[in-house]
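Me: Hi! I am new to reading protein models, so could you walk me through this one with a few questions and answers?

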Amino acid sequence: MYSVAEIDVEICSATKCRLCTQFCPEGNTILYDEVRGTAYVAVDRCKGCEICVGICDDLAKHHAIKMLPIDQVKDGFEISKVGFLRTLVEPE
Amino acid sequence: MSLKTIQAAPGFQDYLPKEYQDLLEDGPFFQQRKVSELGSFKEALEEHPMCAGCAMTLFIRLCYIGFPSLEHTVICGTAGCGRLAITQGAVPFVYGNYGDTNAVATGLKRGLEIRFKDQPKDVVVMAGDGGLADIGFHAVMHSWFRKEKFTTIMLDNEVYGNTGGQDSGMTQKGMVMKMAPTGKKFEKMDMLGLAKTAGVAYTARIAPTNPTRVANTVRKAVLIAREVGPTFIQAYTSCNIEYAIPTPKVMDDARDVEKDRYGFQEYFSDDAKTYWEESEKERKRLRRAAKK
């Protein structure tokens with residue numbers, strides 16, 4: 001079992017700091033939803049290094065990212081299945 | 001080399017891999033993306049097999065943002081950790097034999113200049129401390145002496161990380177590694193000093209603690225190399241495996257090392273300084289004109 005980063009949408013969308021997207025060593029892994037104003041994780045790409053947790057806790061001081069075992073992630077976004085999306089909000 | 005060469009024939013576009021289609025629709029080509037936009041566009045760097053939490057990957061990712069025209073860039077690398085990620089980017093990668101990178105880049109740059117007279121093509125060497133300071137040292141130095149117009153970026157993890165932890169010329173004196181049990185015997189090589197002596201137009205020492213600064217420095221180095229002469233960036237990209245840094249502490253380590261001995265430092269030759277100041281003035285003028 002391994003853990004991946006899980007971003008609390010409520011906390012993140014209140015801040016819009018985007019720091020985690022800049023410090024993740026993986027490309028196309030922490031993405032940013034312009035409509036909801038929050039970062040979100042492509043769970044199939046996250047290697048669980050926790051750099052984003054350190055950035056969010058220590059640098060941004062928002063405490064919006066937690067590590068979650070992969071089998072407890074509900075409706076995780078998988079970029080390899082759906083490709084790059086500008087937002088996860090379904091068009092009406 | 002250009003988006004034109006990777007654009008799909010209309011009838012076949014739907015059958016291409018999703019990643020490919022995303023790059024064409026939301027990719028970083030033909031526009032200067034900013035670090036603050038990360039996450040809002042499809043990045044050129046794809047999934048890669050480098051270790052979790054590797055600072056070198058972060059640096060490489062930021063380099064792709066810094067390149068002034070990604071679609072007209074060729075990267076030249078060699079064996080080592082870095083190429084594991086660099087080869088997964090949507091930018092042409094040329095694999096020089098170990099030690100040959102700067103010689104290969106010389107040929108590439110000269111050839112591209114003849115073939116594309118009206119379109120500047122950027123050649124960037126991105127390799128590790130072993131590939132550039134040890135095994136590739138002669139080719140690096142001679143490309144600098146010859147004033148070849150391309151950028152050399154050293155991903156300095158201060159160890160041969162890919163082969164189990166041998167000390168390199170860039171390892172700190174006294175450092176005990178898995179394959180250097182009695183400790184490194186000599187001082188870390190002063191590559192920045194050597195670059196300056198060899199007449200490099202622009203050198204920078206940087207750690208990936210400030211993503212915007214990394215992208216700006218890379219952009220500056222590539223633009224100066226295009227017009228003035230060779231440029232060199234030495235980047236601290238820790239090896240969390242060989243130096244046993246827990247992955248959540250990788251950025252703390254980068255900050256500590258930056259504070260201790262790897263602070264941001266840049267040097268311009270007189271020509272590079274004049275060119276950069278002029279081009280900055282021109283960019284400001286264009287920005288003001290665009291606002292009006």
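Me: Let's begin inside chain B: how far apart, N to O, are the side chains of Glu148(B) and Arg110(B) in their salt bridge?
Reply: Happy to help, and keep in mind that this is a predicted model. Glu148(B) lies in the loop between helix 7 (137–145) and strand 4 (151–156) of chain B, while Arg110(B) is in helix 5 (residues 101–115), so the pair ties together parts that are 38 residues apart in sequence. Their side chains meet in a salt bridge with an N to O distance of 2.4 Å.

Me: Is Glu148(B) buried or exposed?
Reply: The word buried applies under 20% relative accessible area. Arg110(B), the partner, has 44% and is partly exposed. Glu148(B) has a relative accessible area of 6%, so the label for Glu148(B) is buried.

Me: What about Arg33(B) and Glu37(B): how long is their salt bridge, N to O?
Reply: Arg33(B) is buried, at 12% relative accessible area. Glu37(B) is partly exposed, at 26%. The side chains of the two meet in a salt bridge, and the N to O distance is 3.2 Å.

Me: Which residue has its backbone nitrogen reached by the side chain of Thr78(B) at 3.3 Å?
Reply: Thr78(B) sits in the loop between strand 1 (73–77) and helix 4 (82–86) of chain B, and with 3% relative accessibility it counts as buried. A polar atom of its side chain lies 3.1 Å from the backbone oxygen of Gly96(B). At 3.3 Å, the side chain of Thr78(B) reaches the backbone nitrogen of Tyr98(B).

Me: Now for the two chains together: how much area do chain B and chain A bury between them?
Reply: The size of an interface is often given as the accessible area lost when the parts come together. Here the contact takes 35 residues from chain B and 26 residues from chain A. Of the area buried between the chains, 46% is on carbon and sulfur atoms, and the total is about 2500 Å².

Me: Which three residues supply 19% of the area that chain B buries against chain A?
Reply: In chain B's share of the area buried against chain A, one trio supplies more than any other three residues. The trio is Gly39(B), Ser40(B) and Arg61(B).

Me: Last one: which residue of chain A is linked with Lys42(B), Glu46(B) and Glu47(B) in a network of salt bridges?
Reply: Across the interface of chain B and chain A there are three salt bridges. In one of them, Glu46(B) meets its partner from chain A at 2.7 Å, N to O. The chain A member of the network is Arg45(A).

Definitions and conventions. Residues are numbered from 1 along each chain as its sequence is written. Chains are lettered from A and ligands numbered from 1 in the order in which they are written. This is a predicted model: local features need pLDDT of at least 70, side-chain atom pairs count only at pLDDT 80 or more; totals for chains, interfaces and linings use all residues. Side-chain values use heavy atoms; hydrogens and water are left out. Contact means heavy atoms within 4.5 Å. Buried area is the accessible area (1.4 Å probe) that two parts lose on being put together, summed over both. A salt bridge is a side-chain nitrogen of Lys or Arg within 4 Å of a carboxyl oxygen of Asp or Glu. Helices (H or I, at least four residues) and strands (E, at least two) are DSSP runs, numbered from the N terminus. Buried means under 20% relative accessible area, exposed over 50%, partly exposed in between (1.4 Å probe, protein chains only). A polar contact is a pair of N or O atoms within 3.5 Å; within protein, one must be able to donate a hydrogen and the other to accept it, and residues adjacent in sequence count only if both atoms are side-chain atoms.
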